[in-house]
Amino acid sequence: MRLILVIVFVPLVIFVTNAYATTAVIVNKTNPVSDISYNELKQILEAKNQYWDNREKITLIFKPVASNETRTLIDKVYKIKYEDFDKYWFWKMYKNEIMEFPKILNSSGTINILVSEMSGAIAFIGVNDVSKRGNIKILKINGKMPDEDGYPFK
Amino acid sequence: MTRFLNPIAIVIITLLLITTKCVYAQEIGESEYLQLKNRLKAEFMQKLKEEIKKELIDELKSEYTIEPKQKQVAEKSQTTVKINDPKNESKEVSTREEETVKYTEHQKGAEEIELDKARYRLGEGFTFGEQLLTIRGFGNVNARYRDNNPSERFDSGNNFFSLGEFDLFMTSKLSNRISFLNETAFEFERSGDVEIDIERLLIHYDVNNLLKIDVGKFHLPLGYWNLNYHHGVWLQTTMDRPAIVEFEDNGGPIPMHDTGIQLSGSALLEGFDLNYACAISNGRGVNTTQRQNFDDMNDKKALSLQFEVQPHIVEGLRLGPSVYYDVIPEDETNPNRENEIREIIYGGHIVYTMRNIELLTEAFVINHDEVSGDVFNTFGGYAQFAYTINKFKPYYRYDYIDYDNSDTFYRESKFDFFDTNTHTIGLRYELSHFNAIKFEYSHGVFDDEDVNIIGLQTAFSF
């Protein structure tokens, strides 16, 4: 009986938490920005804006395209096909609009460490994966934290 | 006595031996046990450390570099965390230290690995070292059939296979704000020769969002197509560029490349984004194909200026004007071109690309004003529509150019500059992520001659 419960509920819990995990936007704690508008974030994501207000170069960090977090961004911001995501960035490089590709990392732990270490980094990971002890903070979007109604990346 | 002593001695010696052996055995056992325990523990810890290190290197390999300044900032911020969180101070410090040790180990490991070998990542191409040099390439092969050849200069037959450009694209990030870009095309000539053409070669200085500086040879900021589609045919929807923005060495009427300095940037304003690009360059040579990469024959610089607006209210819409000014030098070897020509090109584009829709429209007016007083105007443009349905992308394009037939600059060129009126329909199919097959039919009127062309192209990126 216990085995059946484990077999049924564990995948269900994993599925639900993964499928509906809210994407948090994290930056280094030294970053003066704490609240950002959706339009400003979109400009950063599209690499139109490549600098923070303190003139620090922005480093974009994503999870792989197969992840729910990145797919949420592609659906809501880029509005392109998932398989065209790398083409999108390559084209930007080909047009000389960016100097390097965004960083794609598998592990949320690694992303947490990287954002902790890089003052210009901005990353997009599941809200449950955000480290509480790192040198990082979650950005508000349009004044909303990920657990609040109206947050755009739910 | 001896008879009794011997067995007693034997017994005593035996007992002594047994006792000694037991004590000795017991002592050896304990120390061996401890030694073994310590050795196993050390081995286990060593193995564990190696495993963790390997795992971290695998995960983070070649992913980033951190400037010393950033490290300092990070260290400072760590101190702040310690002070702000006195309850968990010791725990926090040890955790941070562990992470820093792991990170430092990873950095060393990653450096060793990345210096040794190149990395290939799908979609990015080859990277040598840590962001040092990225190489990617494009190529295409075409097959065409046409029922008429309007050109009297080239007898190239009416059905043929042809190799397109073999295009190598290289970039290198030299620092956080400086990069290098090169695009070299290997072009297959009618004579059978292969011409190596440096299409772009520039160093890029990224000052901020408002100011980016390119120095070298670049695509002129003149219209949408020329700044967005370069020599990689795989990136563009159709088989060929529109006639009005065709490259100079393929008979295009507008200068597409030049050598000089270009300033560009974006202002992200309330309601819309404003992009600009401004270039000062050597300008054209004496004819449509001559590029002045080394010097400027008449010392008169060409000036290009382009603005583009991207309103937030209609996502995917881009529109804007562009202008180009140059003085084309006289051709001393050609009596019909003994005067300088003042050239002004006015352009404008309206582009909408969103999700499955691609709508591109551009128009140009080319004004040639000779010192003698003759003025010639050429009009041209195109409109292209494409719609993506899964891996298929049907498209249609209308090309139009109306030359002034008495314009000596075009008339004295080695190319035929036909008045063009062409309708093209085609289908692009994504055979794989980096290979597209394009099939198209076009009906054109070149001057007064009708031409029907069927084409098939495989275009790829590697």
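In chain A of this predicted model, five strands make up an open sheet of mixed pairing, arranged in the order 4-3-5-1-6. Strand 4 (103-104) and strand 6 (136-138) of chain A occupy the edges of this sheet, and because each has a single partner strand, one side of each is left without a neighbour in the sheet. In general, the strands of a sheet pair through backbone hydrogen bonds, in either the parallel or the antiparallel sense.

Within the sheet of chain A, strand 1 and strand 5 run antiparallel and are joined by 5 bridges, with A:Ile26 having A:Ala123 of strand 5 as its bridge partner. Strand 3 of chain A, by contrast, pairs with strand 5 of chain A in the parallel sense over 3 bridges, and here the bridge partner of A:Thr59 is A:Ala121 in strand 5. Strand 3 of chain A also runs parallel to strand 4 of chain A, to which 2 bridges join it, and A:Ile61 stands opposite A:Lys103 of strand 4. Both faces of strand 3 of chain A are covered, since A:Thr59 and A:Ile61 on one side, as well as A:Leu60 and A:Phe62 on the other, are all buried.

Two helices of chain A can be described in relation to these strands. Helix 5 (residues 108-117) of chain A lies across strand 1, strand 3 (59-62), strand 5 and strand 6 of chain A, and runs at about 155° to strand 5. In helix 2 (residues 38-45) of chain A, the buried residues are A:Leu41, A:Ile44 and A:Leu45. These buried residues fall within an arc of 95° when seen down the axis of helix 2 of chain A, so they line one face of the helix. This arrangement can be read against the general geometry of the α-helix, which has 3.6 residues a turn, so that residues three or four places apart point the same way. The cover over the buried residues of helix 2 of chain A includes strand 1 (23-28), strand 2 (35-36), helix 3 (68-78), strand 5 (121-126) and strand 7 (140-141) of chain A. Helix 2 of chain A is followed by A:Ala47, which has a positive phi near 60°.

Chain B contains 5 helices and 19 strands, and 31% of its 462 residues count as buried. Of the contacts in chain B between residues at least 6 apart in sequence, 52% join residues that are at least 24 apart.

Successive hairpins link strands 6, 7 and 8 of chain B. Strand 6 (residues 178-188) and strand 7 (residues 194-206) of chain B pair in the antiparallel sense over 11 bridges, and B:Ile178 has B:Tyr205 of strand 7 as its bridge partner. The hairpin of these two strands has 5 residues between the strands, and in it B:Gly192 takes a positive phi near 105°. Strand 7 of chain B also pairs with strand 8 (residues 212-219) of chain B, in the antiparallel sense and over 6 bridges, with B:Ile203 standing opposite B:Val215 of strand 8. The hairpin that strand 7 and strand 8 of chain B form has 5 residues between them.

Nonpolar side chains of soluble globular proteins tend to be buried together. In the largest nonpolar core, which has 29 residues, the members that touch the most other members are B:Ile244, B:Ile254 and B:Ile345. Two or more residues are given to this core by each of helix 4, strand 10 (272-281), strand 12 (317-328), strand 13 (341-354), strand 14 (357-370) and helix 5 (408-411) of chain B. Leaving aside residues up to four places away in sequence, B:Ile254 touches B:Leu222, B:Ile244, B:Val245, B:Ile345, B:Phe364 and B:Ile366. A second, separate core of 28 residues includes A:Ala24, A:Val27, A:Leu105 and A:Met118.

Two charged residues of chain B illustrate opposite settings: B:Arg241 is buried, whereas B:Lys47 is exposed. B:Arg241 is found in the loop between helix 4 (225-228) and strand 9 (257-268) of chain B, and because 20 other C-beta atoms lie within 10 Å of its own, B:Arg241 counts as buried. Not counting residues up to four places away in sequence, B:Arg241 touches B:Trp225 and B:Glu246. B:Lys47 has its place in helix 1 (residues 2-60) of chain B and is exposed because 10 other C-beta atoms lie within 10 Å. The C-alpha atoms of B:Lys47 and B:Thr458, which are 411 residues apart along the chain, are separated by 51 Å.

Terms used:
Residues numbered from 1 in each chain as written. Chains lettered and ligands numbered in written order. Predicted model: local features only at pLDDT ≥ 70, side-chain atom pairs only at ≥ 80, totals over all residues. Buried ≥ 20, exposed ≤ 12 C-beta atoms within 10 Å, placed from the backbone. Helix = DSSP H or I, 4+ residues; strand = E, 2+ residues; numbered from the N terminus. Arc of directions from axis to C-beta. Contact = placed C-beta atoms within 7 Å. Pairing = 2+ DSSP bridges. Axes fitted to C-alpha atoms, helices over the stretch in contact; angles between N-to-C directions. Core = buried A, V, L, I, M, F, W, Y, C linked by C-beta atoms within 7 Å.
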